[in-house]
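Let's walk through this model together, one region at a time. Keep the viewer open as you read.

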Amino acid sequence: MAIQTQFGHTIFLDGFEAGSAAEKLNRLHFLKNASETAPYDEAWLQRLIMRHPSLLPVDQIEPAFNTLVPVCIELPMRSGSLDNLLVTPAGDLALVECKLWRNPDARREVIAQIIDYAKEMSTWTYKTLQEAIRRAKPLDGSDEKAPRKLYELVSAKGEIDEASFHDTVSRNLRRGRFLLLIVGDGIREGAEAMAEFLQQHAGFHFTLAFVEIALFETRGGYIAQPRVLARTTNIDRGIVTLEEGRIVIKPPTTGPAPVGNGGRRTTTITQERYLEQLKKEYPGISQKLNAFLDDLTEYNVSPEFGTDSMILRWRPDDGKNWNLATISTQGLVFMDYLSWQAWSAGLLELDKQYLKKLADLVPGAVVKKGKGETAWSVAHSGRSVTVNALLADDFRKDGWVRAIADFQRAVMGRTEKGE
């Protein structure tokens with residue numbers, strides 16, 4: 001029976017000119033067990049991910065996991081073994097299960113399985129994790145007695161602070177903060193609805209995503225095409241309490257949804273990581289920032305979180321999008337990209353008005369002119385103004401919101417006039 005997907009045939013073109021050839025590529029499907037004629041099974045996919053972790057499109061799921069370091073395969077657990085464990089240099093953990101979905105029951109089983117693994121791992125300490133890694137299956141059949149320490153494996157990809165790495169991994173284990181990935185091929189229609197199944201489970205601060213990797217044979221090699229089929233953001237996490245320093249989970253209730261600091265729902269691990277870094281610079285900033293972001297929802301402005309910054313993104317109905325500010329994890333507010341966008345649209349004077357209104361909110365702040373008219377910013381004490389200064393009180397917060405609203409009205413007014 002043919003595998004149902006949302007894609008048509010994948011075609012290799014040797015050119016775009018008249019007379020060029022078009023070749024339909026042969027898709028290689030994974031099997032439950034390998035054979036001489038069909039070597040591509042779940043175990044093969046496990047090894048492929050470990051050798052090429054960039055196959056996992058984590059930038060589309062959780063940008064904070066943009067650098068994944070393969071740690072081990074077949075990590076021993078009480079109820080089985082986790083297929084793949086990958087860790088970022090920052091100490092974030094990604095749990096991967098490589099499975100084939102040929103029926104709805106199999107999909108439900110693998111979801112329940114990876115959630116069980118996450119629950120168990122949340123009871124581990126750093127030492128427990130290290131011991132499990134030591135007992136895990138080696139990737140390439142090398143000496144199984146060779147030491148495999150988590151820090152050494154991850155730091156081999158770049159220098160990291162061992163104490164900070166240890167603390168972050170331990171904290172993520174306690175919180176159950178993981179990226180859970182179910183990876184396979186041949187995912188049939190209906191897998192997107194599996195998120196509803198998750199509502200039956202109490203969980204932690206995890207993000208779960210379904211990733212399909214389609215493999216095609218070409219002349220002289222292969223093409224791997226990953227895609228994110230579905231992902232969760234707001235999961236019903238039930239009641240999570242601390243008892244004697246450990247996380248205890250109780251069944252979900254019909255009460256209010258859990259929220260992050262300041263009364264705002266924390267939706268992704270990337271967002272949590274950003275706020276944690278920002279609070280190191282400015283304790284108490286979360287409540288101010290969340291109140292500001294809540295006010296901006298009325299103006300169709302939403303935060304876009306990355307590995308080390310947050311963008312205030314405005315997407316008007318004309319299809320364009322505007323970067324109204326980029327706020328780093330150090331709290332610095334950058335406006336130069338907006339200046340470039342305004343200049344490209346012939347609206348540079350509107351950008352200058354916006355920057356002037358922000359500078360007027362903070363005593364001592366000025367509009368700093370960069371090289372050319374496309375690199376202007378708001379500066380204070382010789383450097384970019386901080387988000388803490390712009391949100392120091394309700395007057396400044398409301399002033400920033402008004403400045404954004406004024407900029408939007410001016411841009412839309414010019415657009416309607418066709419200028």
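Which residue in E14 is the bridge partner of Met310? The partner is Ile327, and the strands around this pair make a good place to start.

## About the model

This is a predicted model, in which local features need pLDDT of at least 70 and side-chain atom pairs count only at pLDDT 80 or more, while totals for chains, interfaces and linings use all residues. Residues are numbered from 1 along each chain as its sequence is written, and side-chain values use heavy atoms, with hydrogens and water left out.

Helices (H or I, at least four residues) and strands (E, at least two) are DSSP runs, numbered from the N terminus. Two strands pair if DSSP finds at least two bridges between them.

## The four-stranded sheet

Met310 and Ile327 belong to an antiparallel pair: strand E13 (residues 309–314) is joined to strand E14 (residues 322–328) by six bridges. These strands sit within an open sheet of four, ordered E12-E13-E14-E15, with antiparallel pairing. Strand E12 (301–305) and strand E15 (333–334) are at the edges; each has a single partner strand, so one side of each lacks a neighbour in the sheet.

Just ahead of the sheet, the loop between H8 and E12 contains Asn300. Asn300 is not a glycine, yet its phi is positive, at about 60°. Its relative accessibility of 43% makes Asn300 partly exposed (buried means under 20% relative accessible area, exposed over 50%, partly exposed in between, with a 1.4 Å probe and protein chains only).

## Helices H7 and H8

Helix H8 (residues 285–296) lies across E12 and E13, and runs at about 20° to E13. Helix H7 (residues 269–281) packs with H8 at an angle of about 125°, and their axes are 9 Å apart. Axes here are lines fitted to C-alpha atoms, for helices over the stretch in contact, and angles run from 0 to 180 degrees between N-to-C directions. H7 and H8 are therefore oblique to each other (under 35 degrees is roughly parallel, over 145 roughly antiparallel, 65 to 115 roughly perpendicular, and the rest oblique).

Tyr274, Leu275, Leu278 and Lys279 of H7 meet Ile285, Ser286 and Leu289 of H8 in this contact, where contact means heavy atoms within 4.5 Å. Also in H7 is Gln277, which is partly exposed with a relative accessible area of 30%. Gln277 and Ser328 are 51 residues apart in sequence, and their C-alpha atoms are 9.4 Å apart in space.

## Helix H1 and its cover

Now move to helix H1 (residues 42–51), whose buried residues are Glu42, Leu45, Gln46, Leu48, Ile49 and Met50. Among the elements that cover them are strand E4 (69–77), strand E5 (80–87), strand E6 (93–98), strand E7 (178–184) and strand E8 (207–218).

Strand E4 has a detail for backbone enthusiasts: Glu74 is found there, and its phi is near 55°, a positive value in a residue other than glycine. Glu74 is partly exposed, with a relative accessible area of 23%.

## Strands E16 to E18

Strand E16 (residues 366–368) pairs with strand E17 (residues 377–380) over three bridges in the antiparallel sense, with Val378 of E17 as the bridge partner of Val367. E17 also pairs with strand E18 (residues 383–384), antiparallel and over two bridges, and Ala379 stands opposite Ser384 in E18.

E17 and E18 form a hairpin with two residues between them, and Ser381 in the turn has a positive phi of about 55°.
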